[in-house]
Amino acid sequence: MSKSPTLRVIQGGPTPLTRIESVEIYVADDSVKPLIPIDVQIVEEDTWQVLSADASAKETDEHPIRLMTSLIDQQPLPVGEVIVSGHRWKAVIADFDQDVMCKREWIDLALQHIHQLTGVKRVKSLRMPLLGYKHGWLTCEESLESLVHSIRINKPHPVKRIWLSVTGAALPEVERLLLHRGDDVKRKEH
């Protein structure tokens, strides 16, 4: 009688585009659902939380005067902060009250806070956009420079994987820039 074969598990799944330090970077069109498990999704936010506001109107039983009074007490969020709301974190990178609505230093500060929070909350994977790019405040190159710099200076890295969601038009440029900046370059198979 023949001996049973020895079986072993071979890891599968998507291949990262590149690696920066010990962080694997995946890039995909923002319409594509991540092919890796995601612990936290980062979204862009502004000081008055307009970017994440629900665009649909909802009926409420609250009296209009009470609603308006509650708005009087509302204060803007500080730029650079990250608001934790379960598995969805809001990076406050814009201030519509300023002439320049988004500054790179605000994005850098938000990225620093994201790195601190991932350590505290033991987050291993993120899904995020190129902060500041979608609304035209930064070029994809500037946004990527901020992300790469933040990964390189914030050690140790609790995050092991970042799924970058970008608009389809910017995808080739983002891939090219990341391949140029990555440590362990892995060529994508087409």
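Modeller: Let's start with a term: two strands pair if DSSP finds at least two bridges between them. With that in hand, Glu45 can be placed opposite Val92 in β5. Keep in mind that this is a predicted model.

Biologist: Thanks! Before the details, how many helices and strands does the protein chain have?

Modeller: The protein chain contains four helices and seven strands. Following the sequence, their pattern reads β-β-β-α-β-β-α-β-α-β-α. The C-alpha trace spans about 85 × 40 × 30 Å along its principal axes. Of its 190 residues, 40% count as buried. If you look at contacts with a separation of 6 or more, 76% of them come from residues 24 or more positions apart.

Biologist: Now the sheet. In what order do the seven strands form it?

Modeller: The general idea is that strands of a sheet pair through backbone hydrogen bonds, either parallel or antiparallel. Here the order is β1-β2-β7-β6-β3-β5-β4, in an open sheet with mixed pairing. At the edges are β1 (18-20) and β4 (82-85), each of which pairs on one side only. On average, neighbouring strands of this sheet are turned by 30° against each other, direction ignored.

Biologist: I would like to follow one strand. Which strands join or pair with β5, and over how many bridges?

Modeller: Take β4 to begin with: it pairs with β5 (residues 88-94) in the antiparallel sense, over four bridges. Within that pairing, Ser85 has Arg88 of β5 as its bridge partner, and Val84 stands opposite Trp89. The two strands form a hairpin with two residues between them, where Gly86 takes a positive phi near 65°. Then there is β3 (residues 40-46), which runs parallel to β5 and is joined to it by six bridges. The facing residues Glu45 and Val92 that we began with are Glu45 on one side and Val92 of β5 on the other.

Biologist: Why is β5 largely enclosed by the rest of the structure?

Modeller: Count its buried residues: six of the seven in β5 are buried, so the strand is largely enclosed by the rest of the structure.

Biologist: On to helices. At what angle do the axes of α3 and α4 cross?

Modeller: Two packed helices are described by the angle between their axes and the distance between the axes. For α3 and α4, the axes cross at roughly 35° and come within 10 Å. The crossing of α3 past α4 is right-handed. On the α3 side the contact is made by Cys140, Glu141, Leu144, Glu145, Val148 and Arg152, and on the α4 side by Glu173, Val174, Leu177, Leu178 and Arg181. By class, that contact has six nonpolar, five charged and no polar residues.

Biologist: And which strands does each helix lie across?

Modeller: Helix α3 (residues 140-153) lies across β1, β2 (23-29), β6 (125-129) and β7 (161-166), and it runs at about 175° to β7. Helix α4 (residues 171-181) lies across β1, β2 and β7, at about 165° to β2. In α4, Leu171, Val174, Glu175, Leu177, Leu178, Leu179 and Arg181 are buried, and the buried residues of this helix pack against β1, β2, α3 and β7.

Biologist: Let me try a single residue. Is Ser165 buried or exposed?

Modeller: To decide, we need a cut-off: buried means under 20% relative accessible area. Ser165 has 9%, so it is buried. This serine lies in β7. Its side chain makes a polar contact of 3.0 Å with the side chain of Arg127. Leaving aside residues up to four places away in sequence, Ser165 touches Ala28, Asp30, Arg127, Met128, Pro129 and Leu130.

Biologist: Here is one outside the strands. Where is Asn154 found?

Modeller: Asn154 is in the loop between α3 and β7. At 18% relative accessibility, Asn154 counts as buried, because the cut-off is 20%. The side chain of Asn154 reaches the backbone oxygen of Ser150 at 2.8 Å. Beyond residues up to four places away in sequence, Asn154 touches Gln112 and His115.

Definitions and conventions. Residues numbered from 1 in each chain as written. Predicted model: local features only at pLDDT ≥ 70, side-chain atom pairs only at ≥ 80, totals over all residues. Heavy atoms only, no water. Axes fitted to C-alpha atoms, helices over the stretch in contact; angles between N-to-C directions. Contact = heavy atoms within 4.5 Å. Left-handed = near helix turned anticlockwise from the far one by under 90°. Nonpolar A, V, L, I, M, F, W, Y, C, P; charged D, E, K, R; others polar. Buried < 20%, exposed > 50% of the residue type's maximum accessible area, 1.4 Å probe, protein only. Polar contact = N/O pair within 3.5 Å; in protein donor to acceptor, adjacent residues only side chain to side chain.
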